[in-house]
Amino acid sequence: MPYYRVAGEIPRKRHVRFRRPDGGLYAEELMGEEGFSSDSSLLYHVHPPTAIVKSEALADVAAETGLAPNHPLLPRHYRTQELTGRGDLVLGRQPLMGNDDVRISFVTADVQSELYRNSTGDETIYLHAGAVRLESVYGTIDAVPGDYVVVPRGTIHRWIPAGPGAAAGEPVQALVIEARGHIRPPRRYLSQTGQFLEHAPYCERDLRGVAGPLLAEGEDVPVIVRNRGGLTRLTYAHHPFDVVGWDGCLYPYAFNIADFEPIVKRTHAPPPVHQTFDGPNFVICSFCPRPLDFDPESVPIPYNHHNVDSDEMMFYVAGDYSARQGSGVGIGSITLHPSGFTHGPTPGAVEAVIAGMDAGRLTTDETAVMIDTFRPLLLAPQAGHAEDPEYAWSWARADR
Ligand SMILES: [Fe+2]
């Protein structure tokens with residue numbers, strides 16, 4: 001993030017003596033991307049952030065089940081309501097699909113996670129239901145439905161369901177996007193020096209940083225660390241949240257999908273107008289309520305299309321997705337339209353939307369999150385339990 005923030009107490013300059021009330025020195029820690037050549041933050045700990053006392057291997061159930069090619073090739077439809085597993089927001093993730101660039105999971109969380117550090121890449125959590133608090137070494141974010149919470153690689157954090165505003169007993173449901181690299185606003189939205197440009201569909205005012213820092217005390221504190229080798233439980237001599245202050249441009253932040261300003265054309269606009277984030281070899285897009293395309297002759301829903309370089313995953317969040325009426329897709333559905341298959345509206349959907357426009361319906365209330373990947377998505381076996389086996393034939397069924 002190219003947006004400077006400061007929290008708590010920091011010294012006058014970088015790398016100078018900064019003393020605790022007892023006269024000892026605070027321990028300065030740089031969290032920096034791309035080898036001292038990109039965004040970073042400096043954190044000031046009461047105790048050394050280096051002091052570990054134990055390291056234990058941890059089974060990684062999700063990763064060990066393996067991903068398999070989408071073969072024989074099919075468009076897929078999963079109903080997240082049928083994923084029955086529960087747990088915490090880290091170890092309770094149920095993988096759906098992934099490749100070497102990104103892993104996509106769904107989670108229903110009703111308990112607090114352990115402290116966690118993902119050192120393989122940034123994560124974006126899209127909160128679908130419930131309320132959850134992110135506690136991190138930088139401070140806290142209270143997330144509500146519709147929030148994308150971007151957690152930079154290496155951030156020690158935990159997730160606590162039922163934050164302020166949560167309905168009693170309502171579990172947290174979230175789509176989890178784990179990148180093998182960084183997740184950032186698209187470069188074309190930013191000035192050369194990193195400010196959001198006027199044409200961008202959101203800007204700095206829409207991003208919520210952390211409140212804090214937290215100043216936690218504790219000894220022998222376990223942290224689950226993910227690296228390329230798998231999961232490790234590292235025990236720290238002191239609580240990693242012993243931070244009195246930090247400053248910089250690297251920190252977790254939240255952006256709510258309702259703050260995305262849709263861009264509308266006279267005739268149908270392609271998905272890049274909905275782009276929200278950029279990852280390594282993938283993009284995240286937000287489809288939000290908006291006026292329908294406004295030419296009197298417009299066909300206001302997608303044309304049939306084959307993105308020959310992409311697999312396309314869509315998570316249907318709210319509203320009425322007119323293009324796929326009658327296909328079985330509803331709120332909570334996830335579809336995968338892979339390269340090798342042309343997809344588009346259900347036969348008859350175009351005519352129905354045109355008839356609706358003629359009757360005065362000039363807006364769409366759909367909300368959806370889309371992930372387009374530039375390498376094929378492999379499928380997780382767990383997802384098969386929630387798959388609609390009839391989905392692939394839904395276009396032909398409607399055409400008969
Ligand atoms: Fe598409």
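A nonpolar core is a set of buried Ala, Val, Leu, Ile, Met, Phe, Trp, Tyr and Cys residues joined through side-chain atoms within 4.5 Å; buried means under 20% relative accessible area, with a 1.4 Å probe and protein chains only. This is a predicted model, where local features need pLDDT of at least 70, side-chain atom pairs count only at pLDDT 80 or more, and totals for chains, interfaces and linings use all residues. Residues are numbered from 1 along each chain as its sequence is written, and side-chain values use heavy atoms, without hydrogens and water.

Q: Which residues touch the most other members of the largest nonpolar core?
A: Let's start inside. This core has 78 residues, and strand 15 (residues 172–179; a strand is a DSSP run of E, at least two residues, numbered from the N terminus) gives the most to the core, with 6. The residues touching the most other members are M97 and L175.

Q: Which residues coordinate the iron ion?
A: Donors are N, O and S atoms within 2.8 Å of the metal (3.2 Å for Na, K and Ca); water is not among the atoms, so sites may look incomplete. Along the sequence, the spacing of the donor residues is H-x6-E-x30-H. At 2.0 to 2.6 Å, the iron ion is coordinated by H305, E312 and H343.

Q: Which strands stand at the edges of the sheet?
A: Happily, the order helps here: the open, antiparallel sheet runs 5-25-24-27-22-21, where strands pair if DSSP finds at least two bridges between them. Each edge strand has a single partner, so one side is left without a neighbour in the sheet. These are strand 5 (76–79) and strand 21 (275–279).

How values were computed: Helices (H or I, at least four residues) and strands (E, at least two) are DSSP runs, numbered from the N terminus. Buried means under 20% relative accessible area, exposed over 50%, partly exposed in between (1.4 Å probe, protein chains only).
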